[in-house]
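Here are a few exercises to work through with the model open in your viewer. Try each one yourself before reading the solution.

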Amino acid sequence: MTRLRGSTTQQLHDRRIGCTASRGASLVELMVVLAVVVIAAALARVGVRRNERAGQHRRFVADVHGAVVRAHDIAIDEQRPVRIDLGATSLVLSARNPQTDVWERRGQVTLGSQRTGLLVGDGVCIEGLRAGVRAPSSAGVLDVPTDCLGNPQRMRFEPDGTFVVSGVATLVDNAGVNLWIVDRSVADAPVHAVVQIFPGGLIQVLEGIG
């Protein structure tokens with residue numbers, strides 16, 4: 001009888017130790033699982049934010065491209081000069097009224113627009129006009145700017161579809177011209193887009209230029 005009681009007591013003691021160890025292991029496992037979930041959620045949030053910003057940048061580039069195309073089309077369709085005034089954070093489209101000789105605003109693209117959601121200081125800006133358009137296959141040899149536009153620039157479309165540029169000493173009137181836009185939200189990894197304006201009226205966009 002004594003040995004039976006001793007054996008039972010030892011078994012109970014062993015079971016308590018086993019239960020305590022089991023509870024301890026479960027707590028450690030739970031902490032590991034929670035840590036993994038938190039890390040995964042943080043990475044997913046970063047990925048979503050990057051995709052969102054990429055979409056905002058693409059919409060801004062599309063708006064700038066659309067404004068340049070519209071300026072060219074208005075000049076030809078309405079037979080009046082149309083100008084584009086460029087700053088680091090905006091593009092303003094104006095057409096000259098032939099009766100009053102007054103430049104009337106016909107559109108504007110800005111970083112702070114509700115459509116893009118981009119704000120000044122987000123790392124996105126207009127870098128301005130540069131000479132020398134290239135075919136998409138040779139985009140790697142483009143002269144990529146390194147900073148946001150400083151002094152304002154102006155481009156003017158004439159009723160015959162030709163254009164002149166002011167504020168850029170190196171540009172030749174009615175020669176090919178590039179309008180650069182950059183996203184520097186990721187440190188040391190700027191992503192450029194360029195609206196290329198060819199003589200003759202072709203206007204296209206190149207994106208993802210590093």
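pLDDT is the predictor's confidence in each residue, on a scale from 0 to 100. You'll want it from the start, as this is a predicted model.

**Exercise 1. Find where confidence in the protein chain is lowest and where it is highest.**

Step 1: Start with the whole chain. The mean pLDDT is 78, and 71% of the residues reach 70 or more.

Step 2: Go element by element. Helix 1 sits at the bottom with a mean of 71, while strand 1 tops the list at 96.

Step 3: Check residues 1-6. Their pLDDT stays under 50, and the model gives them zero contacts beyond four places in sequence.

**Exercise 2. Lay out the secondary structure, then work out the strand order of the five-stranded open sheet.**

Step 1: Count the elements: there is one helix, plus nine strands. Along the sequence the helix comes ahead of the strands, giving α-β-β-β-β-β-β-β-β-β.

Step 2: Trace the pairing in the sheet. The order reads 3-2-1-5-6, and the pairing is antiparallel.

Step 3: Look at the edges. Strand 3 (102-110) and strand 6 (163-166) each have a single partner strand, so one side of each has no neighbour in the sheet.

Step 4: Add the twist. On average, neighbouring strands here are turned by 20° against each other, ignoring direction.

Step 5: Zoom in on one pair. Strand 1 (residues 82-86) and strand 2 (residues 90-97) run antiparallel and are joined by five bridges. L86 faces L91 of strand 2 across this pair.

**Exercise 3. Which loops hold Q79 and D101, and what is the sign of phi at each?**

Step 1: Recall the usual backbone habit. Most residues other than glycine have a negative phi.

Step 2: Take Q79. Its phi is near 50°, so to speak on the positive side, in a residue that isn't glycine. Q79 belongs to the loop between helix 1 (2-77) and strand 1.

Step 3: Is Q79 buried or exposed? The cut-off for exposed is over 50% relative accessible area. Q79 has 52% relative accessibility, so it counts as exposed.

Step 4: Now D101. This residue isn't a glycine either, and its phi is positive at about 60°. D101 lies in the loop between strand 2 and strand 3.

**Exercise 4. Summarise burial, surface and contacts for the protein chain.**

Step 1: Of the 210 residues, 34% are buried.

Step 2: The exposed area is about 12300 Å², with 57% of it supplied by carbon and sulfur atoms.

Step 3: Among contacts with a separation of 6 or more, 53% link residues 24 or more positions apart.

Methods: Residues are numbered from 1 along each chain as its sequence is written. This is a predicted model: local features need pLDDT of at least 70, side-chain atom pairs count only at pLDDT 80 or more; totals for chains, interfaces and linings use all residues. Side-chain values use heavy atoms; hydrogens and water are left out. Two strands pair if DSSP finds at least two bridges between them. Helices (H or I, at least four residues) and strands (E, at least two) are DSSP runs, numbered from the N terminus. Axes are lines fitted to C-alpha atoms, for helices over the stretch in contact, and angles run from 0 to 180 degrees between N-to-C directions. Buried means under 20% relative accessible area, exposed over 50%, partly exposed in between (1.4 Å probe, protein chains only). Contact means heavy atoms within 4.5 Å. Accessible areas come from the Shrake-Rupley method with a 1.4 Å probe; for residues, only the protein chains shown count as cover.
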